[in-house]
Amino acid sequence: MSNSGSLIQDYINMPLNELMERADTACRKVYGSAVFIRGLLEVTNYCTMNCAYCGIRRDNAKLLRYRMSNEEILQTIKQGLHRGIKSFVLQGGVDPEFQGSKLIALADDIRNSFGSDFALTFSFGVLSYDTYRALFAAGVNRYLLRFETADATLHEALKGTELSERIRAFMHLKEIGYEAGTGFMTGLPGDSLSSNLELLASLEPDMIGIGPFIPHPETPLKHASCQGLEPTLRAVAISRLLFPYANIPATTAAGTIEQNGRELALSAGANVVMPNIGTKAYKQLYELYPGKICVSEDGFSCINCLSVRIRSVNKNLDYRRGNSRGRV
Ligand code: SF4
């Protein structure tokens, strides 16, 4: 077993409370009480992929599909900037309308309209090296590409694509100079937490996204059991201890599976929140998993509630762009 492998195993065997305390201390040492806010825009729920765990998979015919227009996206970012947000994340399914030249034109539009005084993160899956490079040149600073599971066989069975292709794409992002984010789902049937953490450790990401698997009724995994929040808390805490400088969100999925899930993740070393700042109508349709919270209010109204939740764990909402400290 490698050094990081045996360290990970030690952390996996540690009582959760102790692990969370250590991770919280490590997080506060780097970021103090700051919890960075990212304005999230879920710009399309069309997807050509058919991932077995995902509610917006291609074969879910019951889902009403939407795409935000470039004007709607620009308008939402403008409102976010007006409220002081300095970091935006645009994500969507694998949608031909958000790939290649169209995606590059969108990045150009955003930077030409609003300048460069804020961080811009894209998450649109595996794209060509040239597209990643052009997006970076157009002003996209960060890119999120979760691998979801480190088990190559399970990965192919669930996603229909090769894990190696995703890892290669992630390495391209790093080589080009992005703040590169990856991560995984905890509790997928047949998956291994230690393997996921070992792959994560080998990738040395700047941002780490980890959330629980929540079975969706319109997917092949609808009858799989949900393992609750604990594996996610453990994975978040271990990620913080492995990478003290990484930006790690307390995900909406954590808040969905347990009412105070985001607060617990923030107490386990997470330092980012990503409220969806889109409209209620779109939020409800971006249903990766069932029961998603915060979909009955328009985006910006979630921020007050979030800031109260953050204060309850002795942290504070922070509007700065929040680069990964390992990069500055
Ligand atoms: S996980 Fe991503 S790529 Fe897979 S079906 Fe869902 S949105 Fe599409």
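This briefing covers the ligand shell, the strands and the nonpolar core of one structure. The model is predicted. Nine residues are not discussed one by one here; the shell they form is listed below by name and by type. Strand S3 pairs in parallel with S2 and with S4. The largest nonpolar core has 86 residues.

**Ligand shell**
- Cysteines around the ligand are Cys47, Cys51 and Cys54.
- Met49, Ile56 and Val94 also lie around the ligand.
- Arg57, Gly93 and Gly125 complete the list.
- By type, the shell divides into six nonpolar residues, two polar and one charged.

**Strand S3 and its neighbours**
- S3 spans residues 87–92 and is mostly covered.
- Five of the six residues in S3 are buried.
- On one pairing, S3 meets strand S2 (residues 39–44) in the parallel sense, over five bridges.
- Leu41 has Leu90 of S3 as its bridge partner.
- Between S2 and S3 the chain passes through helix H3 (residues 70–82), and this β-α-β crossover is right-handed.
- S3 also runs parallel to strand S4 (residues 119–123), again with five bridges.
- In that pairing, Val89 stands opposite Thr121 of S4.
- Helix H4 (residues 100–114) joins S3 and S4 in a β-α-β unit, which is right-handed.

**The three-strand sheet**
- A separate topic is the open sheet with the strand order S8-S1-S9.
- Its three strands pair in parallel.
- Strand S8 (272–273) and strand S9 (316–318) are the edges, and each pairs on one side only.
- Strand S1 (residues 34–37) is joined to S8 by two bridges, and the two run parallel.
- Ile37 has Val273 in S8 as its bridge partner.

**Nonpolar core**
- In soluble globular proteins, nonpolar side chains tend to be buried together.
- Here the largest nonpolar core has 86 residues.
- Val236, Ala265 and Ala268 have the most contacts inside this core.
- Helix H9 (residues 230–242) gives the core its largest share, six residues.
- Leaving aside residues up to four places away in sequence, Val236 touches Ile210, Ile248, Ala265, Ala268, Gly269 and Ala270.
- Two of the contacts of Val236, Ala265 and Ala268, are themselves among the residues with the most contacts in the core.

Terms used. Residues are numbered from 1 along each chain as its sequence is written. This is a predicted model: local features need pLDDT of at least 70, side-chain atom pairs count only at pLDDT 80 or more; totals for chains, interfaces and linings use all residues. A residue is near a molecule or strand if its C-beta atom, placed from the backbone, lies within 6 Å of it. Ala, Val, Leu, Ile, Met, Phe, Trp, Tyr, Cys and Pro count as nonpolar, Asp, Glu, Lys and Arg as charged, and the others, Gly among them, as polar. A residue is buried if 20 or more other C-beta atoms lie within 10 Å of its own, exposed if 12 or fewer, and partly exposed in between; C-beta atoms are placed from the backbone. Helices (H or I, at least four residues) and strands (E, at least two) are DSSP runs, numbered from the N terminus. Two strands pair if DSSP finds at least two bridges between them. A crossover is right-handed if, with the strands pointing away from the viewer, the path from the first strand over the helix to the second runs clockwise. A nonpolar core is a set of buried Ala, Val, Leu, Ile, Met, Phe, Trp, Tyr and Cys residues joined through C-beta atoms within 7 Å. Two residues are in contact if their C-beta atoms, placed from the backbone, lie within 7 Å.
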